[in-house]
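Let's take a walk through this model together, starting where the chains meet and then moving into the strands.

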Amino acid sequence: MPEPAVECRHVWKIFGDKAREAFAAIAREGLGKDEVAKRFGCVIGVADASFAIEVGEIFCIMGLSGSGKSTLVRHINRLIEPTSGHVLIHGEDINAKSANELRRLRAEKIGMVFQHMALFPHRSVRDNVAYGLEVRGMDRKRRWAMAAEKLALVRLAGWESRYPHELSGGMQQRVGLARALAADPDILLMDEPFSALDPLIRRQLQDEFIALAGVVKKTTLFITHDLDEAIRLGHRIAIMRDGRLIQMGPPEDIVLHPADDYVAEFVKGISRLKFLTAEKVMDPWSPAAGASSVSLADCTRVRLEADVASVIALAAQSEKTIVVVDGENRPVGIVTPRGLLRAIQASAG
Amino acid sequence: MITKIPIGGAAEQLVAFVGTYLKPLVITFIWITLSLNGAFFWLFQSLPAPAWIIGVAIVAWRFAGPGIAIFGLLGLGLLWNQGLWGATAQTLSLVLTGTLMSLVVAIPLGIAMAESRVVNSVMAPILDFLQTMPRFVYLIPAVAILGLDVAPAVFATMTLAVPPPTRLTAVGIGQVDPRMVEAAEAFGSTRWQILAKIKLPLAFSAIMLGVNQCLMMSLSMVIIASLIGAGGLGAEILKAISEVKAGRGLVAGIGVVVLAILIDRITKGAAARLTRRWGRDTVMQQA
């Protein structure tokens with residue numbers, strides 16, 4: 001198995017003057033957050049987080065504010081030091097790195113996008129994007145060329161000499177993305193990058209990000225408080241609560257098999273239709289079910305793995321019988337209106 | 001009987017110590033102030049008064065608008081008309097010398113205060129002390145160590161003109177949005193790069209306000225320092241007092257007001273203009 005791009009092993013972060021004692025007590029006695037607060041005046045930011053992100057994967061961490069997700073993402077580039085545990089980038093422990101090595105890692109390997117853009121107001125768009133290149137000593141001509149290239153990638157060519165305040169929120173965050181991509185890092189850290197934007201722009205930027213991710217293929221750790229966003233973007237999702245990762249898996253697992261009531265409550269509003277396939281709602285193909293009387297030529301065919309939403313769309317379009325076929329185009333099932341209604345009923349929770 | 005705690009005596013010993021053992025330092029200070037002051041004065045004398053007056057008006061127009069430009073033209077014209085151009089040039093030379101030397105101390109000190117908690121906790125009470133002490137008190141050690149003339153005037157000026165820009169530099173850097181600093185860190189900046197490329201530019205408005213305050217403090221102290229031999233408009237006022245000539249004192253006083261207004265508006269205007277492209281909101285936040 002290839003080495004993961006990013007790996008967290010039992011990362012704990014406890015905030016407070018007595019963080020070390022508090023951690024020792026947690027390890028010894030298994031204290032909860034209330035006891036830790038009472039006895040040590042400490043706050044648990046991240047509790048025993050372990051996960052690995054494969055190269056090229058988009059991994060979403062979803063949690064409400066205060067769940068510790070922004071704290072966790074800052075461990076990946078060591079803006080925050082863990083109280084205990086290890087963070088590995090391509091197998092190397094970054095907490096073992098010297099200040100110089102760490103700076104090089106940040107400048108060359110890890111790009112970061114922030115919730116509040118954090119663009120530098122006194123620098124032009126071009127100099128914002130080129131910032132990471134500038135601090136590592138690249139000459140102006142080369143870094144401006146690279147900045148222009150990345151700005152074109154986020155469709156902001158021609159805005160190079162403007163200043164951040166002259167741009168709309170959505171454009172500012174595209175500059176933020178270009179800045180993170182400027183050095184062609186392997187890893188992207190995105191800390192709620194679209195949360196501060198209004199819903200329409202957010203949706204648009206998500207689409208752009210999906211398209212961009214297809215081109216640049218960066219390993220991405222994407223933090224969000226919006227489960228819809230996590231489902232749209234993530235190859236895998238981890239749900240975080242009170243500093244703990246309580247469930248981790250592909251979107252359909254989270255939605256279809258929530259690990260506990262907390263996650264179940266979250267996914268309640270999510271339509272499960274797009275995770276259901278034709279296979280799940282069809283009646284099996286058998287002559288007894290009257291299938292023999294159906295002329296195959298006169299049917300609409302769908303594949304086994306077609307999602308239910310598209311099957312519903314087909315059913316709404318025409319009166320034709322919908323037949324489910326396998327890989328060799330052999331009929332294996334039939335979709336009845338009743339079957340579809342059952343699926344809709346079930347997915348509405 | 002209660003004995004007095006010998007604070008006064010200790011201070012006198014300190015002054016004597018500086019005068020005796022730190023002589024090279026004292027001489028260097030005198031040499032620098034005299035050279036700087038001489039250079040500025042030479043600059044003011046190198047062009048005829050009308051050229052300077054028109055020059056100032058043009059600069060005022062550019063940075064502070066036509067109102068201040070006309071005010072400068074009339075105000076400085078009046079001083080020239082009253083035969084006070086020489087005194088004005090002397091005062092301005094002293095103000096610029098005092099300001100320049102104050103800033104050379106104040107800005108690095110302000111940066112150090114912002115970056116180090118230790119420096120901050122040591123310097124904060126010292127600055128408070130310097131700022132609340134009655135201004136005349138500074139004239140005494142200045143004279144004791146440096147004698148009469150320009151050097152003690154500049155020294156006394158510095159005691160008053162260093163604290164405001166120091167404090168404003170420290171505050172300006174301290175108020176830089178931590179998210180900016182975090183972003184700079186995330187892209188691999190060194191501490192110096194963060195200071196030079198992020199913190200100082202974002203604290204620019206505050207630092208410029210410090211420069212403005214420094215100029216104003218210098219001007220007020222340079223007038224008072226006429227008591228210890230600083231020339232210029234202050235000396236004119238002092239002469240008017242000793243000769244009980246109210247009119248002459250008034251004209252010189254008006255001259256000080258004219259300079260104060262011009263310096264204030266032009267520096268504030270320049271600061272606003274230089275940060276304009278960064279967006280009003282950001283600059284306001286930082287100020």
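**Where the chains meet**

Put chain A and chain B together and about 2,200 Å² gets buried between them, with 63% of it on carbon and sulfur atoms; buried area here is the accessible area (1.4 Å probe) that two parts lose on being put together, summed over both. On chain A's side, Pro121(A), His122(A) and Tyr131(A) supply 26% of the area buried against chain B, more than any other three residues. As for who takes part, 28 residues from chain A and 21 residues from chain B are in contact, meaning heavy atoms within 4.5 Å.

Before going further, keep in mind that this is a predicted model: local features need pLDDT of at least 70, side-chain atom pairs count only at pLDDT 80 or more, and totals for chains, interfaces and linings use all residues. Residues are numbered from 1 along each chain as its sequence is written, chains are lettered from A and ligands numbered from 1 in the order in which they are written, and side-chain values use heavy atoms, with hydrogens and water left out.

Now for the polar side of things. There are 2 salt bridges between chain A and chain B, a salt bridge being a side-chain nitrogen of Lys or Arg within 4 Å of a carboxyl oxygen of Asp or Glu. One of them links Lys197(B) to Glu134(A), with the closest N and O atoms 2.6 Å apart. Which elements of chain A give two or more residues to the side that touches chain B? They are helix H4 (99-108), strand E6 (110-113), helix H6 (131-135) and helix H8 (169-181); helices (H or I, at least four residues) and strands (E, at least two) are DSSP runs, numbered from the N terminus. H6(A) gives the most, with 4 residues.

**Into the strands**

Next stop is strand E1 (residues 6-15) of chain A, where 7 of the 10 residues are buried, so the strand is largely enclosed by the rest of the structure; buried means under 20% relative accessible area (1.4 Å probe, protein chains only). E1(A) pairs antiparallel with strand E4 (residues 84-89) of chain A over 5 bridges, and Val6(A) has Ile89(A) as its bridge partner there. E1(A) also runs antiparallel to strand E2 (residues 43-53) of chain A, joined by 7 bridges, with Phe15(A) partnered by Val43(A). Two strands count as paired if DSSP finds at least two bridges between them.

Finally, look at the open sheet of 4 strands in chain A, ordered E11-E14-E13-E12 with mixed pairing. Its edge strands are E11 (283-284) and E12 (300-303), each pairing on one side only.

Technical notes:
Buried < 20%, exposed > 50% of the residue type's maximum accessible area, 1.4 Å probe, protein only.
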